[in-house]
Amino acid sequence: MTGTLAIAGARLLLADSVSPPTTLTIRDGMIAAIGVDAPKGARELRADGLLVAPGLVDIHGDAFERQVQPRPGVDFRHDLALIDTDAQLLANGITTAFHGVTLSWEPGLRSETAFRSMVAAWQALAGRLGADHRIHLRLETYAMDQWPSAEAAIDAGAVHLLAFNDHTAEIARRAADPARASRYADRAKVTGPEVLALAKAMLARADEVEPFVATAAALARDAGLVMASHDDASPETRARWRALGCTICDFPMNEETGLAARAADEHVVMGCPNVVRGGSHLGWHSAEAMVRAGAADVLASDYFYPAMRHAAFALAARGACSLPEAWAIVSANPAAAAGLADRGRIAAGLRADLLLIDDTAPAGPEVVGTLVSGRIAWLSAAGAARLA
């Protein structure tokens, strides 16, 4: 039985319930059986008192940008950033991560050069990282000149989700204020007036945006990519993106838009930090309120990886939904939104992307171990002591 692992004595967080303590058997990277004795010769991981949950699926993670540029204007190589991020993901139970990588007309952090470096690092590290790393291309609608690099990455299979963003007018508006321009100038490594001039030059090409977006969306559809639109302000805006094939409503601006998307059987993404903190740091709509209203069915790490597991437990503790329902919002639902039918749930025949969680830890749910495709990818000191 080489290659077989039995997790014994744990409660399982299933789609509709939490099981009594039982045994889960993993073989060849897949969940092989639930509730039967461990096969002879299998390795055993004692998980008495722990909760085994599906691995977290993060389809919108912007924290990666801080790994590349931890201080404004201070950059590190993308491969170093990916390697360190991998450790953070696994320690926080994120087994599938879609890194939000913005391709914009801006120089610096969100430039074409930075995007190509990210793609090259992702390709070079294929098979060497513990988590399943994927690229969520956040394409600025004014990035017409940078599109060839995106198209090449899509052709190479290096883009796994395409989202359309439109921040150009906002950047121009904020950059007109010298005190607020520094946010954009620092990450772009230019001056505030230069950012403003670049943004105004792009806005002068507004008539190119609609045909460009239509072309990009058509290519993405042909490539079979899942697409999203970001910051939709109204049901009418969502309808326009729906017509282009965008099936994910990413961080809508209000409940009305989220409800319209859900009524069309589309996935709606909000942020886990918003739930954990009790509201948006920008004063925008409450993610918890969106979940309670049925206006959001996916929560992502956004900018803080630990928030994913804490958000699920917080929703359950506050009575917004049951724990299985809350966990689906950070596992099964994002997996479905991204078109990944092989993960996000505990069931025979699915990938063994699993977390061992101490749900009685004083500081909140603590990840004791993380398995990716049945392989032990990360263990805490307490988790290592349980492996026989």
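**Exercise 1. How do α5 and α6 cross, and which residues meet there?**

Work out the crossing of α5 and α6 in this predicted model, then sort the residues of their contact by class.

*Solution.*
Step 1: Start with the axes. Those of α5 and α6 come within 7 Å and cross at roughly 130°.
Step 2: Put a word to that angle. Oblique covers what is neither under 35 degrees, nor over 145, nor 65 to 115, so α5 is oblique to α6.
Step 3: List who touches whom. From α5 you get E170, I171, R174 and A175, and from α6 you get P178, R180, A181, R183, Y184 and R187.
Step 4: Sort them. The contact of α5 with α6 splits into 5 nonpolar and 5 charged residues, with no polar ones.
Step 5: Check burial in α5, which spans residues 168-175. T168, I171, A172, R174 and A175 are buried there, and the cover over these buried residues includes β8, α6 (178-188) and α7 (192-203).

**Exercise 2. At what angle do α4 and α8 pack?**

Describe the packing of α4 against α8, then look at the side chains involved.

*Solution.*
Step 1: Helix α4 takes in residues 147-155 and helix α8 residues 209-222; their axes sit 11 Å apart, at an angle of about 10°.
Step 2: Angles under 35 degrees count as roughly parallel, and therefore α4 and α8 are roughly parallel to each other.
Step 3: On the α4 side the contact uses W147, E151 and I154; on the α8 side, F212, A216 and L219.
Step 4: By class, that contact has 5 nonpolar residues, 1 charged and no polar.

**Exercise 3. In what order do the strands of the open sheet run?**

Lay out the sheet, find its edges, and then place α3 on it.

*Solution.*
Step 1: The open sheet has 8 strands, paired in parallel, in the order β6-β7-β8-β9-β10-β11-β12-β13.
Step 2: Look for strands that pair on one side only. Those are the edge strands, β6 (56-61) and β13 (298-300).
Step 3: From one strand to the next, the twist averages 25°.
Step 4: Zoom in on one pairing. Strand β7 (residues 94-103) and strand β8 (residues 132-140) run parallel and are joined by 8 bridges. F98 stands opposite R134 in β8.
Step 5: Now add the helix. α3 (residues 112-124) packs on the sheet and touches β7 and β8, and its direction makes about 165° with that of β8.

**Exercise 4. Is β14 enclosed or open, and which strands pair with it?**

Judge the burial of β14, then trace its partners through L354.

*Solution.*
Step 1: Count the buried residues. In strand β14 (residues 354-358), 4 of the 5 are buried, so the strand is largely enclosed by the rest of the structure.
Step 2: Take one partner. Strand β5 (residues 51-54) pairs with β14 in the antiparallel sense over 4 bridges, with P54 opposite L354.
Step 3: Take another. Strand β15 (residues 366-372) also runs antiparallel to β14, through 5 bridges, and L371 in β15 is the bridge partner of L354.

**Exercise 5. How many aromatic pairs does the structure hold?**

Get the count, then classify two of the pairs by their geometry.

*Solution.*
Step 1: Searching the whole structure gives 3 aromatic pairs.
Step 2: Take F164 and W241. The ring centres are 5.1 Å apart and the planes lie at 20°, so this pair is stacked; the cut-off for stacking is under 30 degrees.
Step 3: Locate them. F164 belongs to strand β9 (residues 161-165) and W241 to helix α9 (residues 235-243), so the pair ties together parts 77 residues apart in sequence.
Step 4: Check burial, which means under 20% relative accessible area. F164 is buried at 1%, and W241 is buried at 16%.
Step 5: Move on to F313 and W327, an edge-to-face pair at 6.0 Å centre to centre with 80° between the planes. F313 is in helix α13 (residues 307-317) and W327 in helix α14 (residues 323-330), 14 residues apart. Both F313 and W327 are buried.

**Exercise 6. Is A338 buried or exposed?**

Place A338 and find its contacts.

*Solution.*
Step 1: A338 sits in the loop between α15 (332-337) and β14.
Step 2: Its relative accessibility is 9%, so A338 counts as buried.
Step 3: Setting aside neighbours within four places in sequence, A338 contacts I59, F98 and V226.
Step 4: For a separation across the chain, take T247: it is 91 residues from A338 in sequence, with 9.6 Å between the C-alpha atoms.

Note on methods. Residues are numbered from 1 along each chain as its sequence is written. This is a predicted model: local features need pLDDT of at least 70, side-chain atom pairs count only at pLDDT 80 or more; totals for chains, interfaces and linings use all residues. Side-chain values use heavy atoms; hydrogens and water are left out. Rings of Phe, Tyr and Trp (its six-membered ring) pair if their centres lie within 6.5 Å; planes under 30 degrees apart count as stacked, over 60 as edge-to-face and the rest as tilted. Helices (H or I, at least four residues) and strands (E, at least two) are DSSP runs, numbered from the N terminus. Buried means under 20% relative accessible area, exposed over 50%, partly exposed in between (1.4 Å probe, protein chains only). Two strands pair if DSSP finds at least two bridges between them. Axes are lines fitted to C-alpha atoms, for helices over the stretch in contact, and angles run from 0 to 180 degrees between N-to-C directions. Contact means heavy atoms within 4.5 Å. Ala, Val, Leu, Ile, Met, Phe, Trp, Tyr, Cys and Pro count as nonpolar, Asp, Glu, Lys and Arg as charged, and the others, Gly among them, as polar.
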